[in-house]
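Visitor: Got a minute to go through this model with me? I'd like to talk helix packing and the core.
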Amino acid sequence: MISFVIVLFYMITVFGVIYLRFKQPNLERPYKTWLYPVTPIIYLVIGAAFCGLLLIYKQQYTWLGLIIVSLGIPIYYIIKKKERQV
């Protein structure tokens, strides 16, 4: 359950880096990735395969992890709404 959710969030982070580099190519890059963009894309492919295999073979764990993470979405919006009211 934990490994599925962690890999999912890592994939979101890696995709965010790729997206940011295409969206704002002139930003300073204090950290470099070896063979960019090949290595992040390979990671996304392997991560997607890993998550897909977990969804196929270990559904009892992956769905529980997704449900727990999804429960945080309404909580996030409730907190944001209360912050705007203050």
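Guide: Sure. One term to start: contact here means heavy atoms within 4.5 Å. And keep in mind that this is a predicted model.

Visitor: OK, so which residues meet where α1 and α3 touch?
Guide: From α1 you have Phe 4, Val 5, Leu 8 and Phe 9, and they meet Thr 62, Gly 65, Leu 66 and Val 69 of α3. By class, that contact has 6 nonpolar, 2 polar and no charged residues.

Visitor: At what angle do the axes of α1 and α3 cross?
Guide: Roughly 60°, and the axes come within 8 Å. That makes α1 oblique to α3.

Visitor: Switching over, how do α2 and α3 pack?
Guide: Helix α2, residues 38–57, packs against helix α3, residues 59–85, at about 115°, with the axes 6 Å apart. So α2 is roughly perpendicular to α3.

Visitor: And which residues meet there?
Guide: Leu 54, Leu 55, Ile 56 and Tyr 57 in α2 meet Gln 59, Thr 62 and Trp 63 in α3. The residues of that contact divide into 5 nonpolar, 2 polar and no charged.

Visitor: What's in the largest nonpolar core?
Guide: It has 9 residues: Phe 4, Val 5, Val 7, Met 11, Val 14, Ile 18, Leu 44, Cys 51 and Leu 54.

Visitor: Which element gives the most to this core?
Guide: α1, with 6 residues. The elements giving two or more are α1 and α2.

Visitor: Zooming in, what does Val 7 touch?
Guide: Leaving out residues up to four places away in sequence, Val 7 touches Tyr 43, Gly 47, Phe 50 and Cys 51. Cys 51 is also listed in that core, as is Val 7.

Terms used:
Residues are numbered from 1 along each chain as its sequence is written. This is a predicted model: local features need pLDDT of at least 70, side-chain atom pairs count only at pLDDT 80 or more; totals for chains, interfaces and linings use all residues. Side-chain values use heavy atoms; hydrogens and water are left out. Axes are lines fitted to C-alpha atoms, for helices over the stretch in contact, and angles run from 0 to 180 degrees between N-to-C directions. Helices (H or I, at least four residues) and strands (E, at least two) are DSSP runs, numbered from the N terminus. Angles under 35 degrees count as roughly parallel, over 145 as roughly antiparallel, 65 to 115 as roughly perpendicular and the rest as oblique. Ala, Val, Leu, Ile, Met, Phe, Trp, Tyr, Cys and Pro count as nonpolar, Asp, Glu, Lys and Arg as charged, and the others, Gly among them, as polar. A nonpolar core is a set of buried Ala, Val, Leu, Ile, Met, Phe, Trp, Tyr and Cys residues joined through side-chain atoms within 4.5 Å. Buried means under 20% relative accessible area, exposed over 50%, partly exposed in between (1.4 Å probe, protein chains only).
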